[in-house]
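Welcome! Here is a short briefing to read alongside the structure, taking one topic at a time.

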Amino acid sequence: MSESNEPDVLSRFLRYVAVNTQSSDEHSDRVPSTPCQFDLANLLADELRAMGAHDVEVSENAYVTAHIPASEGAENAPKLGLIAHLDTTEAAPGANVKPHIVAYEGGELVCGIVDGEPVSISPDRIPGLAALAGENLICTDGTTLLGADDKAGVAEIMALAARLLTDPSIPHPALGICFCPDEEIGHGAELLDIPAFGCTYAYTVDGGPVGEIEWECFNAAEATVRFEGFSIHPGDAKDRMVNAANLFVEYHNLLPSVARPEHTEGYEGFIHLCSVSGTVTHATARYIVRDHNAAKFQAKLDLMQRACDFMNAQQDQVRVTLEIKHEYRNMAEIVGDYPQLIDVAKEAFSASDVEPRVIPIRGGTDGAQLSFRGLPCPNLSTGAYCCHGVNEFIPVSALVKMVDVLEQLVRRFA
Ligand SMILES: [Zn+2]
């Protein structure tokens, strides 16, 4: 593909993924958690100013905000927000991303060769991959993630902004644009000044394959279970030793194995053991608990507490304790009151010849936090596949298509 024929959204995407923006859970006490997120924030702000966006700002926490005035005649339409996140996950290496385009002909998708071994993924593991035969797919070299989550969303919003600012004939309401830091470590939109942003509704562009519309997410909590043992020389242990590591094993076996993530899908919630460490004296297990349904979510937390109580009743003292930290709630509680946001998104996809698919998010989203803070905010697809790993990829056509979808969306709000 020659430079001159390259779609604007593709050039943008390739430029943005080259900037490392990995966030860091270890430094979640500050925002942004990593200073490198400013590199992309400042680059985007410069580009927004150059294209003529208004009030472009990078906050001290690396939030990029900008505004685009309404097209003529749409001044009274409610202001609409478009939001994506700057950071990439630390679940896979994220620096020195070297994207390249694979002309995919079907079968195993080979991203790159690392240490003489192909880094590849098969159509059996990725629903929808087989249907992409004939497409140009942007992949990594196999050593890093791609960062389409969420630089695809960033590039699509930026390309839309450029289109609107060069073509005044496209009707649209006043738009607020926001790129947030630290979504991947759970507090992406926390510090967005919603009154100053001034939008009545917003969409995040942070989903998967083209066509997805999401407005339901999990209710989420982290559960830490601690086990206290009693250590004594194993030779003298009879009727005296209490092995904390064994207490963990018993506890874990009281939890239903059918409720593990590897056995659940769709609207089924789960209890997931993330990590465990233990000795005879102490053991600590960290779980995450997820469910779309608030009552079923609470039932899972109650079950974990009952398992604690059951074990403690058999011990000489309290040896098992549970600590629950609530993380986020299902935004359906809020967005459910604004069905028009979902209807308009469906129309925007249909008008772009894409079959819309409304699916529950099996995770969280910036939109959940924003919705509960007063800015109803469903999530739209970016077009990306296999996020958070070295096999992450996105079809060039998906980037191009999503800019058209966003144009259709803003036209409908005018
Ligand atoms: Zn994301």
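## A helix and a zinc site

Let's begin with helix H3, which covers residues 148–166. Its 19 residues should span 27 Å at 1.5 Å a residue, and the end C-alpha atoms are 25 Å apart, so the two values agree. Keep in mind that this is a predicted model.

**Helix H3 and Asp149**
- Helix H3 is mostly covered, with 16 of its 19 residues buried.
- Asp149 lies in this helix.
- Although Asp149 is buried, it has no salt bridge; the nearest side chain of opposite charge belongs to Lys151, 9.9 Å away. A salt bridge would need the charged atoms to be within 4 Å.
- The side chain of Asp149 does make polar contacts: one with the side chain of His85 at 2.9 Å, and one with the side chain of His388 at 3.0 Å.

**The zinc ion**
- Which residues hold the protein donors of the zinc ion? They are His85 (through NE2), Asp149 (through OD) and Asp206, which is listed with OD twice. These donors lie 1.9 to 2.7 Å from the ion.
- The angles among the four donor atoms run from 52 to 146°, and the site is irregular.

**Where the donors come from**
- Along the sequence, the donor residues follow the spacing H-x63-D-x56-D.
- His85 sits in strand E3 (residues 80–85), while Asp206 is in the loop between strand E9 (201–205) and strand E10 (212–214), so this pair ties together parts that are 121 residues apart in sequence.
- His85 counts as buried because its relative accessibility is 1%.
- Asp206 is buried too, with a relative accessible area of 17%, since the cut-off for buried is under 20%.

Key: Residues are numbered from 1 along each chain as its sequence is written. This is a predicted model: local features need pLDDT of at least 70, side-chain atom pairs count only at pLDDT 80 or more; totals for chains, interfaces and linings use all residues. Side-chain values use heavy atoms; hydrogens and water are left out. Donors are N, O and S atoms within 2.8 Å of the metal (3.2 Å for Na, K and Ca); water is not among the atoms, so sites may look incomplete. Four donors count as tetrahedral if all angles lie between 85 and 135 degrees; four count as square planar and six as octahedral if opposite donors are over 155 degrees apart and all others between 65 and 115; anything else is irregular. Helices (H or I, at least four residues) and strands (E, at least two) are DSSP runs, numbered from the N terminus. Buried means under 20% relative accessible area, exposed over 50%, partly exposed in between (1.4 Å probe, protein chains only). The expected span of a helix is 1.5 Å times one less than its number of residues. Lys and Arg count as positive and Asp and Glu as negative; His and the chain ends are not counted. A polar contact is a pair of N or O atoms within 3.5 Å; within protein, one must be able to donate a hydrogen and the other to accept it, and residues adjacent in sequence count only if both atoms are side-chain atoms.
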